[in-house]
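Here's a quick briefing to read alongside the structure. Take a look at the picture, then work through the points below.

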Amino acid sequence: MAFLEVEDLKVHFPVKGGIFGRTVDHIRAVDGVSFSLEKGKTYGLVGESGSGKTTTGRAIIGLNRATAGKITYNGHDITNLKKADLDVRKEIQMIFQDPYSSLNPKKRVLDIIAEPLRNYEKLSKQEEKKRVLELLELVGLSSESITKYPHQFSGGQRQRIGVARAIALKPKLIIADEPVSALDVSVQAQVLNFMEDIQEALGLTYIFIGHDLGVIRHMCDDIGIMYKGRYVEEGTVDDIFDNPQHIYTKRLVAAIPDINPENRREQIYYRQEVQKEYEQSYDDYFGDDGLAYGLKPISETHLVALPEKG
Amino acid sequence: MNEKLLEIKNLKTSFRIEDQYYAAVDDVSLTVNENEVLAIVGESGCGKSALAFSLMRLHNRAKIEGDILFKGDDVTNYSAGQVNKLRGNEMSMIFQDPLTALNPLMKIGDQIGEVLLLHKGKFSNLNRKQKAISLLDKVGIARPEHVYEQFPHELSGGMRQRVVIAIAIANDPEVLIADEPTTALDATIQSQILDLLNELKENMNAGIILITHDLGVVAEMADRVAVMYAGQIVEVADVHALFGMPQHPYTRSLLSSVPNAESVDSKLHVIQGIVPSLKNLTREGCRFRSRIPWIDESVHEKSPELHEISPNHFVRCTCYKNFYFPDEKKEDKRHGIS
């Protein structure tokens, strides 16, 4: 039994139109996504803006309503949970992309981190403060931070406050939505290292949503590549980076700038080859509606969206 | 030898905070040659954008000292009118965010036409339209006649950035300053925009100043690289030397904090401390020393200067000779240089 299982998840947003504001069409943000992940692993959801990766993450945690499909967490069906079932939801938390806008500027760090505790656990003031101090120590912030406000911290420190808030309820699954894309490289390194450390210490499972393939490669065990609300390819890190099969994945991998200037020529050549292949064989990989086909296994871990005829 | 297009000499840009001036760009000297991409790298707050804005004279209240020579002509003494003539004509800039760089109420065609009208008044209306359409075509926009009539909100991010580039190259500039031109874009669009910039460099023989924090982009695009920290240049070198034999502790720290194929099973390097704010910056001695506290204080210079350690490779302060990472053995602390 997988730790988290997503089956044929669909999230459609209605498009209103006409004088009566009736629903005239739907935007299929997530259109039939299935994957499962194991405990203690990091699963990467990759795609460009508008591919539906964030919507998928938000649907799992319940911030977007699933139109269809089923999400099973640890044996419980958690699709579109009602308020009464909040106990399960406690175990799933989210780290947001932008540490500058995801913390309330009018609240002290104490109140920010204690908010989930106040929602779920009845603690006395002293107990609450003790817990917050423990969390701050865990994320490497000093105890004086407790009375400070978000603007008094740097970007990396703010992201740590976001992490402290996310782990306050001792969750088992964390959905990290581009947690480092707003940060400079050195601060990014700090947050990534730290996320790995607490994963080990607390036995966390991550869904890591991102578009920077360098970061994804560093962090993840398995990766799903999304395009226009559907999966085009899924596999282990090695499957995706060393043996990309779908033309869209190839384009993504080819677009990563190489940090070694000596490889510049080959990199440009490779990219041109992929671009040529993309132009020539676009119709082979995408249906008449421009969407990807269903996933077909090509090895035990590696699935690719190839057309029916094979 | 390519001709020197832009020479920056001891440029100092200061901003006033509570009745005192603080230098965000502190004594920067650089040259940009024809058909060359000079990359300026650094983290947020290191002064790289302040430098670009000083070159374009876009700061309103900053105090700018030093010389900026464009083809031997000192432009720092130019009047507002002269600056306007130069800007957008011989020197132009590609801005970071294509969403805010375009006027949302003006058609794409009119925005490109405006630059042509201001600098090359001789065009007739019809010619101007043709020129604008050919520019859209040049930056790789499909159906340029159609896009000419559209508004910015109708275009995708990559298309908008192409329009911003079309505006910047409208008058065949000799110096093009690109301030984080691909930061707001997706990876596949980024590689297309970088290819486009490379093409423009070859075709127009222009000098490009590429400002970025993305070391991958630098490795792919740049001919020469200048690394900035706390308002100063700490290392300048040819791109192969900079990535192959980085010397300054800051350059080496930055490079080892980037995740790559080799880093998968290991921890990334973290630079201790934070980038000091403009006001709290210690200006005496090596500015990077507080970030590498395990290095003995005595190895830093009292007033660090740029030393030419091999032809065209400059490093500030002598501390690079004794630098090692804390998890490294002291013996094999230096790579490359003898």
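**Two chains, piece by piece**

In chain A, the domain assignment gives domain 1 (4-228) and domain 2 (229-310). Keep in mind that this is a predicted model. We'll start with how those two domains meet, then zoom in on a helix pair, and finish with chain B.

**Where the two domains of chain A meet**

- Measuring from C-alpha centre to C-alpha centre, domain 1 of chain A and domain 2 of chain A are 28 Å apart.
- The two do touch: 20 residues of domain 1 of chain A make contact with 18 residues of domain 2 of chain A.
- On the domain 1 side of that contact, β2 (22-37), α7 (213-219) and β9 (222-227) of chain A each chip in at least two residues.
- Which element gives the most to that side? That's β2(A), with seven residues.
- Sorted by class, the residues on the side of domain 1 of chain A that touches domain 2 of chain A come out as ten nonpolar, four polar and six charged.

**A pair of crossing helices in chain A**

- Helix α3 (residues 109-120) and helix α4 (residues 125-138) of chain A have axes that come within 10 Å and cross at roughly 110 degrees.
- Angles of 65 to 115 degrees count as roughly perpendicular, so α3(A) is roughly perpendicular to α4(A).
- As for handedness, the crossing of α3(A) and α4(A) is right-handed.
- Who meets whom? From α3(A) come L110(A), I113(A), A114(A) and L117(A), and they meet E128(A), K129(A), R131(A), V132(A) and L135(A) in α4(A).
- This contact of α3(A) with α4(A) has six nonpolar and three charged residues, with no polar ones.

**Chain B and its annotated domain**

- UniProt, in an unreviewed entry, places the feature "domain: ABC transporter" at residues 6-255 of chain B.
- Over residues 6-255 of chain B, the chain is 40% helix and 28% strand.
- The end C-alpha atoms of that stretch of chain B are 28 Å apart.

**Where chain B touches chain A**

- How many residues of chain B are in contact with chain A? There are 31, and they contact 29 residues of chain A.
- Helices supplying at least two residues each to the chain B side are α8 (187-204), α9 (215-221), α10 (239-244) and α11 (249-256) of chain B.
- The largest share of that side, five residues, comes from α9(B).
- By class, the side of chain B that touches chain A has 15 nonpolar, twelve polar and four charged residues.

Technical notes:
Residues are numbered from 1 along each chain as its sequence is written. Chains are lettered from A and ligands numbered from 1 in the order in which they are written. This is a predicted model: local features need pLDDT of at least 70, side-chain atom pairs count only at pLDDT 80 or more; totals for chains, interfaces and linings use all residues. Domain bounds come from an automatic or database domain assignment. Two residues are in contact if their C-beta atoms, placed from the backbone, lie within 7 Å. Helices (H or I, at least four residues) and strands (E, at least two) are DSSP runs, numbered from the N terminus. Ala, Val, Leu, Ile, Met, Phe, Trp, Tyr, Cys and Pro count as nonpolar, Asp, Glu, Lys and Arg as charged, and the others, Gly among them, as polar. UniProt positions are given in the numbering used here, feature names are shortened, and annotations may be inferred rather than shown by experiment. Axes are lines fitted to C-alpha atoms, for helices over the stretch in contact, and angles run from 0 to 180 degrees between N-to-C directions. Angles under 35 degrees count as roughly parallel, over 145 as roughly antiparallel, 65 to 115 as roughly perpendicular and the rest as oblique. A crossing is left-handed if the near helix is turned anticlockwise from the far one by less than a right angle, and right-handed if clockwise.
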